[in-house]
Amino acid sequence: MNARLQEIADELASVPRDLQVELLLDHARQFPPLPERYRAAREAGLGRVHECQAEVYFFPEVADGAVHLWADIPGHAPTQRALVGILIDAYDGATPDEVAAIPDDLLQRLGVAGLLGPQRQRGFAGVLARLKYGVAQAAS
C-alpha cells in the first residue's frame, strides 16, 4: 500500500465500525465526475466492470508515467463509489508499478471487508483487476 492508502487504512482503523461506514460515505460524496471525453465510451458500455452488480465504469489512463483514474458509478451505489473513491484518492498520480503493487486483499487491509457482503467483495475484486489491467495496458 502506498502512503496515502495507509493513511486511509489507519483512519478507518482508528474509529468504531459505525463511524467507518460514515468515513466510507464521505469518500462516496467526494467522488469526482467522469470527464466528458469518456461519456461516449460509457454510453457504449465500454469500461464496465461486469463483476459489480451496480453499473461501475472504470477508465484508468497513464500520461507521462503517472496514472490517472476516472470512474462513473451511480449515486445509488455508495459502497462501490466509496471504495473506488479511495482508489482514486490514493492512486491518482501514482506510477504504474505502484498500482500493480496494490494488494489483492485490500478490503481486509482497510479493515472494511466485514462491512461488505460477498457480492460487493467480488465486485471490488473486479474493480481491482480492471484497474491493474487497464493501467498495465495504458503503460505499455
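# A walk through the chain

Let's start at Leu 46: select it and you'll find it exposed, with a relative accessible area of 52%. The cut-off for exposed is over 50%, so Leu 46 makes it into that class. Keep in mind that what you have open is a predicted model.

Leu 46 is found in the loop between α3 (39–43) and β1. Which residues does Leu 46 touch, if you skip those up to four places away in sequence? Show Ala 41, Tyr 57 and Phe 59, and you have them. Now add Val 67 and draw a distance between the two C-alpha atoms: Leu 46 and Val 67 are 21 residues apart in sequence and 19 Å apart in space.

**Zoom out**

Switch to a cartoon view of the chain. You should be able to find seven helices and two strands. Follow the chain along its sequence and the order goes α-α-α-β-β-α-α-α-α. Taken along the principal axes, the C-alpha atoms fill a box of roughly 40 × 30 × 25 Å.

Why call this chain compact? For 140 residues, a compact globule would have a radius of gyration near 14 Å, and the chain has 14 Å, so the two agree. Contacts tell you something about the fold too: among those with a separation of 6 or more, 64% are between residues 24 or more positions apart.

Turn on the surface next. The accessible surface comes to about 7,100 Å², and carbon and sulfur atoms own 51% of that. Of the 140 residues, 44% count as buried. If you color by charge, look for 13 positive and 19 negative charges, whose mean positions are 6 Å apart.

**The turn between the strands**

Select Asp 64. Where is it? Asp 64 is in the loop between β1 (57–63) and β2 (66–72). Its backbone has a positive phi of about 55°, although Asp 64 is not a glycine. Is Asp 64 buried or exposed? Exposed, because its relative accessibility is 85%.

**A loop that meets β2**

Go to Gly 93, in the loop between α4 and α5 (96–100). Gly 93 is partly exposed, with a relative accessible area of 48%. Bring back Val 67: Gly 93 and Val 67 are 26 residues apart in sequence, yet their C-alpha atoms are 5.0 Å apart in space. Beyond residues up to four places away in sequence, Gly 93 touches Ala 66, Val 67 and His 68.

**Into the core**

Time to go inside. Select Leu 87, in helix α4. Its relative accessible area is 0%, so Leu 87 is buried. What surrounds Leu 87, leaving aside its neighbours within four places in sequence? Show Leu 69, Asp 92, Ile 102, Leu 106, Phe 124, Val 127, Leu 128 and Leu 131, which are all in contact with Leu 87. Ala 66 makes a handy distance check: it is 21 residues from Leu 87 along the chain, and their C-alpha atoms are separated by 14 Å.

Leu 87 is part of something bigger. The largest nonpolar core has 40 residues, and Leu 87, Tyr 91 and Leu 110 are the ones with the most contacts inside it. Color α1 (3–13), α2 (17–29), β2, α4 (78–91), α6 (106–110) and α7 (118–139), since each of these supplies at least two residues of this core. The largest share, eight residues, comes from α4. Apart from this core lies another, of five residues, including Leu 34, Tyr 38, Tyr 57 and Phe 59. In soluble globular proteins, nonpolar side chains tend to be buried together.

Stay in helix α4 and pick Gln 80. Buried or exposed? Gln 80 counts as buried, because its relative accessibility is 5%. Not counting residues up to four places away in sequence, Gln 80 touches Cys 52, Val 56, Ile 73, Arg 120, Gly 123 and Phe 124. You've seen Phe 124 already, on the list of contacts of Leu 87.

**Last stop**

Finish at Gly 114, in the loop between α6 and α7. With 65% relative accessibility, Gly 114 counts as exposed. For one more distance, add Ala 28: Gly 114 and Ala 28 are 86 residues apart in sequence and 18 Å apart in space, C-alpha to C-alpha.

Key
Residues are numbered from 1 along each chain as its sequence is written. This is a predicted model: local features need pLDDT of at least 70, side-chain atom pairs count only at pLDDT 80 or more; totals for chains, interfaces and linings use all residues. Side-chain values use heavy atoms; hydrogens and water are left out. Helices (H or I, at least four residues) and strands (E, at least two) are DSSP runs, numbered from the N terminus. The radius of gyration is taken over C-alpha atoms; the globule rule is 2.2 Å times the number of residues to the power 0.38. Buried means under 20% relative accessible area, exposed over 50%, partly exposed in between (1.4 Å probe, protein chains only). Contact means heavy atoms within 4.5 Å. Accessible areas come from the Shrake-Rupley method with a 1.4 Å probe; for residues, only the protein chains shown count as cover. Lys and Arg count as positive and Asp and Glu as negative; His and the chain ends are not counted. The place of a charge is taken as NZ of Lys, CZ of Arg, CG of Asp or CD of Glu. A nonpolar core is a set of buried Ala, Val, Leu, Ile, Met, Phe, Trp, Tyr and Cys residues joined through side-chain atoms within 4.5 Å.
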